[in-house]
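This report covers two topics: the cysteines and the ligand site. The structure under discussion is shown below.

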Amino acid sequence: MMDQIHVCRDGEHLASYACHWLQNQILWHSRDEERNTRPFVLALSGGSTPRRLFQLLAELPAGRIDWSKIILIWGDERNVAPDHEDSNFRMVQESLLSKIEIPAENVLAVPNPGGNAKDAAKQYDKLLGGLPKAGESAFPVIDCVLLGMGDDVHTASLFPGTKALGEQNRIVVENYVEKLDTTRITLSAAAINAARNVAFLVCGEAKQTALSILWHAPRNPQKYPAQLIRPTDGQLWMLLDKAALGDTPLPQNVMVQMI
Ligand code: 6PG
């Protein structure tokens, strides 16, 4: 499938458009007789960009999204307690979970973060391993993975030169990030690439260089991990604002919409 690149006016427009776009993904899932027998699995990204999207999702009229049919997982987590200011869970708790009616069993957060990252990753890998799989795949069907991208072209907690980049079998791994001197917990690129939809949300002028590298630098995933993201059978979406795009030439063979 051709990559879809949708360019919004600014950050607020991007968040609003992504909220609309995600509702459509959920609606299409609900109307797909083969897929709607299972919940829509949504992997949430961390960092700061998605916060506004999550706030807008929380502000939708009650019932617009049937959260009882949505399972939330985390694309990555910092190895800190869930109430720590750096916690991706806390960001989602504050911006979304605290404002919607979603069954607790639908919120599959990283177990026991802040302690032994290897144990937390192993527990999370086992937990997500219990989600429905498609055919012979070793990976759960994730209907939508939301991703951010760092200035160093990392995504999730797949950072340049780190061990997790080579993970082909596990859904979730711990990943020591030397430059941060911390161990993160992250979906593997293989698990992300098994998803039905993968959507990068990239916003702001500071991301222009990273976006240009992602699209136009020679392929070097060890150096530019976001280049690892290439859904096997799924659709890749790039939801951007104009500031992130700048005057970067668009890649070949993509579908572009100026929203
Ligand atoms: C994290 C993220 C990470 C993030 C990028 C972009 O836990 O930090 O998952 O991959 O998406 O670093 O972060 P911003 O949205 O804050 O620019």
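Why is the sulfur of Cys 19 not in a bond with the closest cysteine sulfur? The model is predicted, and the positions described here are those of that model. The closest cysteine sulfur to that of Cys 19 belongs to Cys 8 and lies 12 Å away, which is too far for a bond. A disulfide requires two cysteine sulfur atoms within 2.5 Å. Cys 19 also counts as buried, at 5% relative accessibility.

Cys 144 likewise takes part in no disulfide. For Cys 144 the nearest cysteine sulfur is that of Cys 19, at 12 Å. Cys 144 is buried, with a relative accessible area of 0%. Across the whole structure, the search returns 0 disulfides.

**The ligand site**

The ligand is surrounded by 15 residues, and the closest are Ser 48, Thr 49, Asp 76, Ala 156 and Lys 207. Sorted by class, this shell holds 9 polar, 4 charged and 2 nonpolar residues. The ligand takes up the space of the second largest pocket.

Several oxygen contacts of the ligand are listed below, each with the part of the residue that supplies the N or O atom.

| Residue | Part of residue | Distance to a ligand oxygen atom |
|---|---|---|
| Thr 49 | side chain | 2.6 Å |
| Arg 78 | side chain | 2.7 Å |
| Ala 156 | backbone | 2.6 Å |

Thr 49 and Arg 78 thus each approach the ligand through a side-chain N or O atom, whereas Ala 156 does so through a backbone N or O atom. On its own the ligand has 410 Å² of accessible area, and the protein covers 87% of this. Thr 49 and Ala 156, listed in the table, are also among the closest residues of the surrounding shell.

Methods:
Residues are numbered from 1 along each chain as its sequence is written. This is a predicted model: local features need pLDDT of at least 70, side-chain atom pairs count only at pLDDT 80 or more; totals for chains, interfaces and linings use all residues. Side-chain values use heavy atoms; hydrogens and water are left out. A residue is near a molecule or strand if one of its heavy atoms lies within 4 Å of it. A polar contact is a pair of N or O atoms within 3.5 Å; within protein, one must be able to donate a hydrogen and the other to accept it, and residues adjacent in sequence count only if both atoms are side-chain atoms. Accessible areas come from the Shrake-Rupley method with a 1.4 Å probe; for residues, only the protein chains shown count as cover. On a 1 Å grid over the protein atoms alone, a cavity is a set of points where a 1.4 Å probe fits but cannot get out, and a pocket is an open set with protein on both sides within 12 Å along at least five of seven lines; lining residues have an atom within 4 Å of a point. A molecule sits in a cavity or pocket if more than half of its atoms lie within 2 Å of its grid points. Ala, Val, Leu, Ile, Met, Phe, Trp, Tyr, Cys and Pro count as nonpolar, Asp, Glu, Lys and Arg as charged, and the others, Gly among them, as polar. Buried means under 20% relative accessible area, exposed over 50%, partly exposed in between (1.4 Å probe, protein chains only).
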